[in-house]
Amino acid sequence: LTHTMLALLLATPTFMVAPAPPSSLRAPVRAATSMGSLDRRAVGVGAAAAVALGTADSASAAEGGYPKMTIKTTQGEMEFEMWDDVAPKHVKSFLTLAKQGFFDGGAFHRIIPGFVIQGGDPNAKVGYGPSGTLDGADKAKVRKWGTGGPGYNVPAEFNERIHEFGVLSMARSNDPDSAGSQFFVCLGNLPSLDRKYTTFGKLTKGDDVLRKIAAAKTVTGDIPFERQGIERVDPL
C-alpha cells in the first residue's frame with residue numbers, strides 16, 4: 001500500500017459516491033464535504049466531542065493474562081485478547097462500552113479485502129433495507145455510517161505492536177487523539193499503519209469468521225451489500 005492509500009479520512013461515507021474506507025488506517029485527512037475525490041483506501045472517522053478519558057487501571061499480562069472479549073457476528077464468533085499493557089485507555093474504553101451494550105446490534109460498515117474490516121459506529125445500527133441488504137436501504141442513514149462515536153475521544157497510545165492479520169486497532173481522524181468507538185481488524189500485514197494507529201488487541205479464536213466477513217460482497221465505498229452484523233460484544 002502506498003502512503004497515499006493509507007491517508008486518514010475525516011469524511012462522511014456516501015452511499016453511491018466512493019467514500020473513505022474504515023477509519024483510523026491512513027494518513028492525511030479531508031473534510032466530510034469533499035469525499036468524492038478521496039482515495040478509497042484512506043481510513044478515517046467522523047470525530048465527536050474531544051473529552052479525554054481518564055487513566056485506566058489495567059490488569060496487565062504479567063498479572064494473570066490479558067483481558068478478553070468476544071464479538072458475536074452474523075458469521076459466527078470471534079475472541080480477542082486485549083492489550084491493556086500497551087493501550088490501557090483504549091482497552092478500558094472499549095470494554096466499558098461493551099458492558100454498556102454500546103456495540104450490540106451494530107455492523108461492520110466498511111470492508112476492504114486484504115486490508116481491514118471496520119465497525120463500532122452506532123450509526124451503522126440502522127440503514128439497511130428490510131431484507132438486511134442495501135436493497136431498499138435508507139440512503140440518508142447510510143451516509144452517516146463512519147461518522148459516529150461515543151461522545152468522547154481517547155488519547156493516542158501508539159505502541160510497538162504491529163498491524164498484522166487479526167490485530168485490533170482504533171480508527172481516528174487526522175487528530176491522533178480523536179479515537180472514539182470505531183475500530184478495525186487487520187486482514188493482513190499492514191506496516192504502513194504501525195505506530196500511527198493504536199493497536200490494542202488481537203484475534204485468538206475465529207480466524208474463519210474474520211475471513212468470512214472479509215469475503216462479503218461490497219459496493220462502491222467498500223460498503224457491505226449484505227449486513228455483516230455485530231450482534232453482541234461481551235467482555236469475558
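Where does Val-91 lie? Val-91 sits in helix H1, and that helix is a good way into this predicted model. The protein has three helices and eleven strands, and nine of the strands form an open, antiparallel sheet. Of its 236 residues, 51% count as buried.

**Overall layout**

- Followed along the sequence, the elements come in the pattern β-β-α-β-β-β-α-β-β-β-α-β-β-β.
- Among contacts with a separation of 6 or more, 70% are between residues 24 or more positions apart.
- Across the sheet, the strand order is S3-S11-S1-S2-S8-S6-S7-S5-S4.
- The edges are strand S3 (106-107) and strand S4 (110-112), each of which pairs on one side only.

**Following the sheet from its two edges**

- At one edge, S3 runs antiparallel to strand S11 (residues 229-235), and two bridges join them.
- Within that pair, Ala-107 stands opposite Gly-229 of S11.
- At the other edge, three bridges connect S4 to S5, again antiparallel.
- Ile-111 is the residue opposite Ile-117 in S5.
- The hairpin of S4 and S5 has three residues between the strands, and Gly-114 there takes a positive phi near 80°.
- On its way inward, S5 is joined to S7 by four bridges, with the two strands antiparallel.
- Here Gln-118 stands opposite Phe-184 in S7.
- S5 is covered on both faces: Val-116 and Gln-118 are buried on one side, and Ile-117 and Gly-119 are buried on the other.
- As background, strands in a sheet pair through backbone hydrogen bonds, either parallel or antiparallel.

**Helices against the sheet**

- Helix H1 (residues 88-99) lies across strand S1 (68-73), strand S2 (76-82), strand S6 (167-170), strand S7 (183-186), strand S8 (199-205) and S11.
- The direction of H1 makes about 110° with that of S11.
- Helix H3 (residues 207-214) also packs on the sheet, where it touches S1, S2, S4, strand S5 (116-119), S7 and S8.
- The angle between H3 and S2 is about 115°.

**A closer look at Val-91**

- Val-91 of helix H1 is buried, because its relative accessible area is 3%, under the 20% cut-off.
- Leaving out neighbours within four places in sequence, Val-91 contacts Pro-67, Met-82, Trp-83, Asp-84 and Phe-200.
- Val-91 and Phe-200 are 109 residues apart in sequence, yet their C-alpha atoms are 6.5 Å apart in space.

**Salt bridges**

- The structure holds nine salt bridges, including the ones below.
- Asp-85 pairs with Arg-161, with the closest N and O atoms 2.8 Å apart.
- Asp-85 is in the loop between S2 and H1 and Arg-161 is in the loop between helix H2 (139-142) and S6, so this pair ties together parts 76 residues apart in sequence.
- Both partners are partly exposed: Asp-85 at 34% relative accessibility and Arg-161 at 24%.
- Lys-202 and Glu-164 meet at 2.7 Å, N to O.
- That pair links distant parts of the chain, with Lys-202 in strand S8 and Glu-164 in the loop between H2 and S6, 38 residues apart.
- Lys-202 is partly exposed at 24%, and Glu-164 is partly exposed at 23%.
- Salt bridges with shared partners also join Lys-72, Glu-77, Arg-232 and Asp-234 into one network.
- Lys-141 and Asp-138 form another salt bridge, with their closest N and O atoms 3.9 Å apart.
- Lys-141 is partly exposed at 38%, as is Asp-138 at 33%.

**Loop residues worth a look**

- Arg-172, in the loop between S6 and S7, is buried yet has no salt bridge.
- The nearest side chain of opposite charge to Arg-172 is Asp-175, 6.6 Å away.
- Instead, the Arg-172 side chain reaches the backbone oxygen of Lys-196 at 2.7 Å.
- Most residues other than glycine have a negative phi.
- Arg-195, in the loop between S7 and S8, has a positive phi near 60° and is partly exposed at 46% relative accessible area.
- Asp-222, in the loop between strand S9 (218-219) and strand S10 (223-224), has a positive phi near 65° and counts as buried at 2%.

How values were computed:
Residues are numbered from 1 along each chain as its sequence is written. Side-chain values use heavy atoms; hydrogens and water are left out. Two strands pair if DSSP finds at least two bridges between them. Contact means heavy atoms within 4.5 Å. Axes are lines fitted to C-alpha atoms, for helices over the stretch in contact, and angles run from 0 to 180 degrees between N-to-C directions. Buried means under 20% relative accessible area, exposed over 50%, partly exposed in between (1.4 Å probe, protein chains only). Lys and Arg count as positive and Asp and Glu as negative; His and the chain ends are not counted. A salt bridge is a side-chain nitrogen of Lys or Arg within 4 Å of a carboxyl oxygen of Asp or Glu. A polar contact is a pair of N or O atoms within 3.5 Å; within protein, one must be able to donate a hydrogen and the other to accept it, and residues adjacent in sequence count only if both atoms are side-chain atoms.
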